[in-house]
Amino acid sequence: MLKTTAVAATFCAVAGAGIVGYGETTAQAAQAQTQAQAQVQAQAQSASSTAARHGHGHGDSFSGTKKIGVGGYSVNVSCSGHSAARKPVVVMMAGGGDGLDTMAGLQKTLSKKARVCSYDRLGEGESDQPNGTQTINDSSRILTGVLDRVTGDRPVVLAGHSLGGLIAARYAPDHRDRIKGLVLMDATIPALTAGVSKAIPDSATGMAAELRDQTIAVNEGQNPEKFIIADAKVRSAGNIPVQIIRHESQYAEVPDYGPALEEMWAEGQEQWRAISGRSRISVAAGSGHYIHVDRPDIAVEAIQQVTAQATARS
């Protein structure tokens with residue numbers, strides 16, 4: 001039940017089997033995975049050497065899904081579509097607890113007019129598990145490695161849902177030379193731990209208390225990515241085009257605290273506007289937390305608009 005709420009869905013699958021359920025790998029499968037990882041790492045090192053001599057160019061031009069070596073890990077990546085060299089590559093980032101497959105429908109639509117890639121972060125989908133706890137710096141290093149391979153020196157528009165949106169928004173200010181636009185689809189708010197602690201006080205009981213405690217635990221790293229979601233101020237990424245889309249309704253299951261949670265979430269989305277002087281916020285009518293599933297038309301339009309605006313500026 002908690003999985004359907006936006007706070008618990010910050011990782012998009014934080015309750016029950018959403019956090020576990022990965023199963024144990026057999027020794028044979030583990031050995032095969034190790035061998036495959038060694039191969040992709042060798043290929044990545046070769047590609048890095050070539051890039052160092054000749055520049056990143058336009059990145060790998062493959063279509064489909066494959067594993068690439070990034071920072072000693074095997075990362076699952078999917079790319080499709082083609083576009084002109086000056087047009088940004090769209091890189092989509094799923095929410096926590098989700099793999100790139102959750103963005104497949106959106107990617108298929110967008111790739112008719114653009115080059116689009118997505119990837120599984122460490123701990124998600126078909127990518128390797130992280131060796132330990134991850135911070136935003138760790139996740140950013142993996143994202144940089146992925147972009148080096150699949151986008152090269154081309155401009156990039158990041159389109160992220162939930163936790164993917166938060167990571168994209170934290171990444172952009174430090175990579176202004178590369179990130180030329182952002183679409184944040186119900187992105188995890190900048191200060192979720194403080195927000196949920198205020199919206200659901202210690203005196204709460206039942207489902208509300210469980211929701212608050214689960215959310216805080218997830219933020220402290222009890223999630224598939226072992227990722228610590230730290231509260232932090234929003235930093236500017238300049239005047240890049242940014243569209244922020246938030247859900248319309250999400251908290252019916254916690255009626256006593258629903259209004260406070262909606263207010264918390266709305267205020268958090270407004271805070272993301274500080275990331276750019278050209279940010280725009282809107283509400284996806286009829287949508288819950290999974291905006292790209294409930295209203296894919298709105299998600300597609302926002303990404304195409306930001307890509308067009310970023311292209312015009314390049």
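1. A salt bridge here is a side-chain nitrogen of Lys or Arg within 4 Å of a carboxyl oxygen of Asp or Glu, and the structure holds 7 of them. Please keep in mind that this is a predicted model, in which local features need pLDDT of at least 70, side-chain atom pairs count only at pLDDT 80 or more, and totals for chains, interfaces and linings use all residues. Residues are numbered from 1 along each chain as its sequence is written, and side-chain values use heavy atoms, with hydrogens and water left out.

2. A good place to start is the salt bridge between aspartate 138 and arginine 141, at 2.4 Å from N to O. Both residues sit in helix α3 (residues 136-150), 3 residues apart, so about one helical turn separates them. (Helices, H or I of at least four residues, and strands, E of at least two, are DSSP runs numbered from the N terminus.) Residues three or four places apart in an α-helix point the same way, because there are 3.6 residues a turn. Aspartate 138 is partly exposed at 22% relative accessible area, while arginine 141 is exposed at 52%; buried means under 20%, exposed over 50%, and partly exposed in between (1.4 Å probe, protein chains only).

3. What does the rest of α3 look like, and which of its residues are buried? They are Ser139, Ser140, Ile142, Leu143, Gly145, Val146, Leu147, Arg149 and Val150. The 15 residues of α3 should span 21 Å at 1.5 Å a residue, and the end C-alpha atoms are indeed 21 Å apart; the expected span is 1.5 Å times one less than the number of residues. After the helix comes glycine 152, with a positive phi near 60 degrees.

4. A second salt bridge joins aspartate 174 and arginine 235, with the closest N and O atoms 3.0 Å apart. Aspartate 174 lies in the loop between α4 (163-171) and β6 (179-185), and arginine 235 in the loop between α6 (206-219) and β7 (241-247), so the pair ties together parts 61 residues apart in sequence. Arginine 235 is partly exposed, at 40%.

5. Glutamate 270 and arginine 273 also meet in a salt bridge, at 3.8 Å from N to O. Glutamate 270 is partly exposed at 41% relative accessibility, and arginine 273 is partly exposed at 34%.

6. Now to the interior. The largest nonpolar core (buried Ala, Val, Leu, Ile, Met, Phe, Trp, Tyr and Cys residues joined through side-chain atoms within 4.5 Å) has 40 residues, of which Val75, Val77, Val146, Leu158 and Leu182 touch the most other members. Its largest share, 6 residues, comes from α4. Apart from this core lies another, of 22 residues, including Val116, Val183, Met185 and Ile303.

7. Serine 78 belongs to strand β2 (residues 73-80) and is buried, at 10%. Its side chain makes a polar contact of 3.2 Å with that of glutamine 107. (A polar contact is a pair of N or O atoms within 3.5 Å; within protein, one must be able to donate a hydrogen and the other to accept it, and residues adjacent in sequence count only if both atoms are side-chain atoms.)

8. Two backbone angles may deserve a look, since most residues other than glycine have a negative phi. Serine 162, in the loop between β5 (156-161) and α4, has a positive phi of about 55 degrees and is buried at 0%. Lysine 226, in the loop between α6 and β7, has a positive phi near 55 degrees and is partly exposed at 34%.
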